[in-house]
Amino acid sequence: VGLAAGGAATAASPPRDGAGSPGAAHGSRPRSPPISSLSQRMGLLRARCEAQLGKKPFEAALAFLRQRSAAQGVRPGTEEWAQLETIVGHGNSDLCAVVEQLVFLEEVAGGA
């Protein structure tokens, strides 16, 4: 609490982090900016997958899921997930769901 010019007590300012935003926790990660469009989201997913998988494995996984989706219109079963993990590499199996999300978003964007 400080004193104002006329001698009245004033409340202290809220604590600020290094970036100058009040009340932000120290050591917290900065938030990503919000994604404003479906096409922007698709671009970010594509870039992430290409960066982590490489262009050829990513394109192969994308083609596999597109073909699967067009043929059956349902999520891949256990056998298809095993095939997909073989395409992307077993250390990258977490990206299978990201590629699947991209295929879904493409279908949504195409139907809009």
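Begin by selecting Lys 55 and Glu 59 in helix α2, which runs over residues 55-72: the two are four residues apart, so about one helical turn separates them. In this predicted model, their side chains meet in a salt bridge, with an N to O distance of 3.9 Å. Color the pair by accessibility and the two partners fall into separate classes, since Lys 55 counts as exposed at 53% relative accessibility, whereas Glu 59 is partly exposed with a relative accessible area of 29%.

**Along the salt bridges**

Stay in helix α2 and select Arg 66, then add Glu 106 to the selection; these two form a salt bridge in which the closest N and O atoms are 2.7 Å apart. This pair links distant parts of the chain, with Arg 66 in helix α2 and Glu 106 in helix α4, 40 residues apart. Arg 66 is itself partly exposed, having a relative accessible area of 35%. If you now display Arg 46, Glu 50, Lys 55, Glu 59, Arg 66 and Glu 106 together, you have one network, joined by salt bridges that share partners.

Keep Glu 106 in view and turn to Arg 46, whose side chain meets that of Glu 106 in a salt bridge of 3.8 Å, N to O. Here too the pair connects distant parts of the chain, because Arg 46 belongs to helix α1 and Glu 106 to helix α4, with their positions 60 residues apart in the numbering. Arg 46 counts as partly exposed, at 26% relative accessibility. A search of the whole structure finds seven salt bridges, among them the pairs visited so far.

**Helix α1**

Next, select residues 38-53, which make up helix α1, and draw a distance between the C-alpha atoms at its two ends. What span should you expect? At 1.5 Å a residue, the 16 residues of this helix should cover 22 Å, and the end C-alpha atoms are indeed 22 Å apart, so the two values agree.

Within α1, highlight Met 42, Leu 45, Cys 49 and Leu 53, which are the buried residues of this helix. They cover an arc of only 65° around the axis and therefore lie on the same side of α1. Moving just past the end of the helix, you come to Gly 54, which takes a positive phi of about 100°.

**The two cysteines**

Go back to Cys 49, which counts as buried because its relative accessibility is 0%, and add Cys 96, which is likewise buried with a relative accessible area of 0%. Why is there no bond between Cys 49 and Cys 96? The sulfur of Cys 49 has its closest cysteine sulfur in Cys 96, at 9.3 Å, which is too far for a bond, given that a disulfide requires the two sulfur atoms to be within 2.5 Å. The count of disulfides accordingly comes to zero.

**Helix α3**

Now select helix α3, residues 78-88, and show the side chains of Glu 80, Trp 81, Leu 84 and Val 88, which are buried. These residues cover an arc of only 100° around the axis, so they are on the same side of α3. Rotate the view to the face turned away from that buried side, and you will find the exposed residues Thr 78, Glu 79 and Thr 86.

Center on Val 88, which is buried with a relative accessible area of 6%. Adding Phe 58 to the selection shows a contact across the sequence: the C-alpha atoms of Val 88 and Phe 58 are separated by 6.9 Å, although the residues are 30 apart along the chain. Just after α3, Gly 89 takes a positive phi of about 95°.

**A nonpolar patch, then the whole chain**

For the next stop, switch to a surface representation and select Leu 38, Phe 104 and Val 108, which make a nonpolar surface patch of about 250 Å². Val 108 is placed in helix α4, residues 95-111, and counts as partly exposed at 37% relative accessibility.

Finally, zoom out and show the chain as a cartoon, which contains four helices and two strands. Followed along the sequence, these elements give the pattern β-β-α-α-α-α. If you color all 112 residues of the chain by accessibility, 22% of them count as buried.

How values were computed:
Residues numbered from 1 in each chain as written. Predicted model: local features only at pLDDT ≥ 70, side-chain atom pairs only at ≥ 80, totals over all residues. Heavy atoms only, no water. Expected span 1.5 Å × (residues − 1). Buried < 20%, exposed > 50% of the residue type's maximum accessible area, 1.4 Å probe, protein only. Arc of directions from axis to C-beta. Patch = residues over 30% accessible without salt bridge, like charges linked within 9 Å, V, L, I, M, F, W, Y side chains within 5 Å. Areas by Shrake-Rupley, 256 points an atom, 1.4 Å probe, with all protein chains shown as cover. Salt bridge = Lys/Arg side-chain N within 4 Å of Asp/Glu carboxyl O.
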